[in-house]
Amino acid sequence: MTQQKPSISLLFEPKTVAVIGASATPGKIGYQVVKNIQDGGYEGTIVPINPKGGEVLGLESYKSLEDFPGDIDLATMVIPAKFVLDSVKACAKKGVKFLSIITSGFSEVGNVEEELEIVRIAHENGMRILGPNIFGLYSGGVSLNATFGPSDINKGGVSIITQSGALGIAMIGKTKVENIGLSSIISVGNKCDIDEADLLEYLIDDDETKVILMYIEGIKNGERLVPVLKRATTKKPVVAIKSGRSKRGAMAAASHTGSLAGADEVFDFVMKQCGVHRAENLQEAMNWCKYLSEVPMPKGENVVIVTNGGGVGVLCADACEKHDVTLYDDQAALKEAFSGSVPSFGSTKNPVDITGGASMDDYMAAIEAAYANDDIHSIIVLGCETAVLTGGTLTEYIGKIFERHGYEKPIVYSFVGGSEFEDSAGVLRDQGVPMFPELYDAVSCMGVLYADYRRRGMGEEAIAEPERKPVDAERINEIATAVKADGRSFLLANEGLEVMKAAKIPMPVSLISHTMDQAVAYAEKIGYPVVMKVVSNEIVHKSDAGGVALNLENADEVIDAYQAIMHNCRNYNPDAKITGIEVVEMVKKGTETIIGARIDPGFGRTIMFGLGGIYVEVMKDVAFRSWPVDNHEALAMIKDIKSYPLLLGVRGEEQRDIDGVVDVLLKVGAILESCDLITDIEINPLVAYEQGEGVKAVDVRILLKKD
Ligand code: COA
């Protein structure tokens, strides 16, 4: 029976830490972990466990866990894989609360069974497992470095959760180089039990943690992660870096950790939905984390660029547009603020151009003016090396102004020039000035700051549980159960139609005829033109079998089509049982869209939207969201696709019925949620007509779980 889980805070703030496999031999991991715990200044009790007993780094070791008289909050295991399972049982018996298994040799190399057994034993005894296949954890709050990574860690405001151990160790080194302080770093490895969601639960409320950085290779339980992430980002910035963007990268990631790297596009969209900032590379992630952990929230969106070079000013304005940084545009106010510091041949428009002749004093005056003006909320300072603006003056003046004002307002600097100039910029960076060699990096930091500012502004709205569209869940489950009972994991057209009816999703009128006369009667009832399609369990690809006839204009054409379909299908598969021939309303032309809902292997229930035809097939222009979403998010998803302007109407066309599309997206998600048997729903095409004229689901494919 599963026992109650211990509070995750014990993992970060243990009073007693055991090291199972503690070794007196320098160079062994069991030695390094004990040494790191000691060197890190941990003030709790350290309990080395070694079957031979004896001293480890001056501490008396215990031959077994049982020999230690007290409780153990956290045990770190560093013994060979073949001994792990027995030792896990001993930990469970001792009542260890958290077990961090550094040892490799489990699911990442195909040893899945043993890993599952470890989790089973742990959960039966109220114990949680971190790892296996990790480098351990560092928790700055209690100065605990229970890793075999570097011993020298700067304390600070960034917490890192990493799936890759080696990269995690490298990140500790990198943070040191970049002058970034850490509040914690946790290696999750195979994530057999504890995953990102568990750790976020602690980090969200941890006052020491200002920014969370996650390195992810694959998502295992996205349905649990998404709500926690949404909550986290309303409180503090979360930066993610994920490998597996390329197909090759995804394959490498999959074999590396034993977990499937989730489809990258889905990851991208879901992170955006959660308000997570996805970095393109490690350097960008580090830049963002450092900046976000130091800078205050801006008081508004007005950003001013101060530059001595028109060219870099324009490049910066472009970068601002790309990163959604809003440039202050009140020309009269800008003129008033900067006319004292800008020469007559310069420009007070934003970018504020103090021109190439500007001395450091001119810069100081312009920056002071930006700091002094309450309507300016953030500042970007750019500089090109000139005869009057040299490396020496740069260090002195910018150093002084940053010392005076610091982060009174969010500010970034980027200066371009020769080696002396760059060296001076480097000196300033070492002094803590947010100075970037590349202006694009400076602006991207400002961009994530503003994305975060907007996210924080959403407050509760960002985590509110969306209302669901009502669907007839009983009827949908009845249909799916009947299909399963029939031994199938796909729905036939008429069954799909029934599901659409249960959700009130408009489909073309359709009737199933069993005789030629009936087909004609139905066609007359529906109104010409009509489409006819074979209905048979054994014929899935109807067009290939010659089982579809389009655009039938009158009774004679219906009769001909009826005979042709019967003839073609009997030839195609003589054993096929033909249940009837469907007579369907021929839908009017409109804009073809595609809507899907499916169980993603990583994120669970997700929905998809795109425009049909080449937009989805060639351009792969689709957007995804984790389910559930509300009206607002569904609309944001539609706007995410590049071909969105086509829905707004081009070349004099009317706007399409976007509300109708939103309605179907929400209903499709609700169908998936209403029935555990359904794994995939795809409406292709969903034809969208002009605003107010609705949409029509022309074809629907629904798949069920395979046994
Ligand atoms: N309880 C306690 N101690 C035990 C034990 C047990 N059941 N079984 C063995 N030990 C002791 C050993 O006696 C040894 O101590 P000693 O040096 O005093 O003899 C110590 O534990 C370590 O065992 P050893 O056999 O020397 O193993 P090792 O140090 O060579 O390797 C691991 C152990 C865990 C490091 C190794 O198996 C491993 O998995 N390495 C990869 C780790 C990794 O890369 N993780 C992912 C990082 S990203």
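How many aromatic pairs does the structure hold? The structure, a predicted model, holds 10 aromatic pairs. One of them opens the set of close-up views below.

**View 1. Phenylalanine 12 and tyrosine 202 form a stacked aromatic pair.** The ring centres of phenylalanine 12 and tyrosine 202 lie 4.0 Å apart. Their planes stand at 5 degrees, so the pair counts as stacked; the cut-off for stacking is under 30 degrees. Phenylalanine 12 belongs to helix H1 (residues 9–12), and tyrosine 202 to helix H6 (residues 196–205). The pair therefore ties together parts that are 190 residues apart in sequence.

**View 2. An open sheet of five strands has parallel pairing.** The strand order is E2-E1-E5-E6-E7. Which strands stand at the edges? They are strand E2 (45–49) and strand E7 (128–130). Each has a single partner strand, so one side of each is left without a neighbour in the sheet. Neighbouring strands are turned by 20 degrees against each other on average, direction ignored.

**View 3. Strands E1 and E2 run parallel.** E1 spans residues 16–20. Five bridges join E1 to E2. In one register detail, valine 19 has proline 48 of E2 as its bridge partner.

**View 4. The ligand is surrounded by 23 residues.** The closest are Ser23, Lys28, Asn50, Lys52 and Ser104. By class, the shell has 13 nonpolar residues, eight polar ones and two charged ones.

**View 5. Polar atoms of glycine 21, lysine 52 and isoleucine 134 face the ligand at listed distances.** Lysine 52 places a polar side-chain atom 2.7 Å from a ligand oxygen atom. Glycine 21 has a backbone N or O atom 3.5 Å from a ligand nitrogen atom. For isoleucine 134, a backbone N or O atom also lies 3.5 Å from a nitrogen atom of the ligand. Taken alone, the ligand exposes 980 Å². The protein buries 71% of that area.

**View 6. A cis peptide bond joins glycine 131 and proline 132.** Omega is about -10 degrees at this bond. Where is proline 132 found? Proline 132 sits in the loop between E7 and strand E8 (136–139). Strand E7, on one side of this loop, is also an edge strand of the sheet in View 2.

**View 7. A cis peptide bond joins tyrosine 528 and proline 529.** Here omega is about -5 degrees. Proline 529 has its place in the loop between helix H19 (516–526) and strand E20 (530–535). Strand E20 belongs to the antiparallel sheet of the next view.

**View 8. An open sheet of four strands has antiparallel pairing.** The order is E19-E22-E20-E21. Strand E19 (510–513) and strand E21 (548–552) are the edge strands. Each of these two pairs on one side only. From one strand to the next, the twist averages 20 degrees.

**View 9. E19 pairs with E22 in the antiparallel sense.** Strand E22 covers residues 580–585. How many bridges does the pairing of E19 and E22 extend over? The pairing extends over four bridges. Serine 510 has valine 584 of E22 as its bridge partner.

**View 10. Asparagine 179 has a positive phi.** The value is near 60 degrees, in a residue other than glycine. Asparagine 179 is placed in the loop between helix H5 (165–177) and strand E11 (182–187).

Key: Residues are numbered from 1 along each chain as its sequence is written. This is a predicted model: local features need pLDDT of at least 70, side-chain atom pairs count only at pLDDT 80 or more; totals for chains, interfaces and linings use all residues. Side-chain values use heavy atoms; hydrogens and water are left out. Two strands pair if DSSP finds at least two bridges between them. Axes are lines fitted to C-alpha atoms, for helices over the stretch in contact, and angles run from 0 to 180 degrees between N-to-C directions. A residue is near a molecule or strand if one of its heavy atoms lies within 4 Å of it. A polar contact is a pair of N or O atoms within 3.5 Å; within protein, one must be able to donate a hydrogen and the other to accept it, and residues adjacent in sequence count only if both atoms are side-chain atoms. Accessible areas come from the Shrake-Rupley method with a 1.4 Å probe; for residues, only the protein chains shown count as cover. Ala, Val, Leu, Ile, Met, Phe, Trp, Tyr, Cys and Pro count as nonpolar, Asp, Glu, Lys and Arg as charged, and the others, Gly among them, as polar. Rings of Phe, Tyr and Trp (its six-membered ring) pair if their centres lie within 6.5 Å; planes under 30 degrees apart count as stacked, over 60 as edge-to-face and the rest as tilted.
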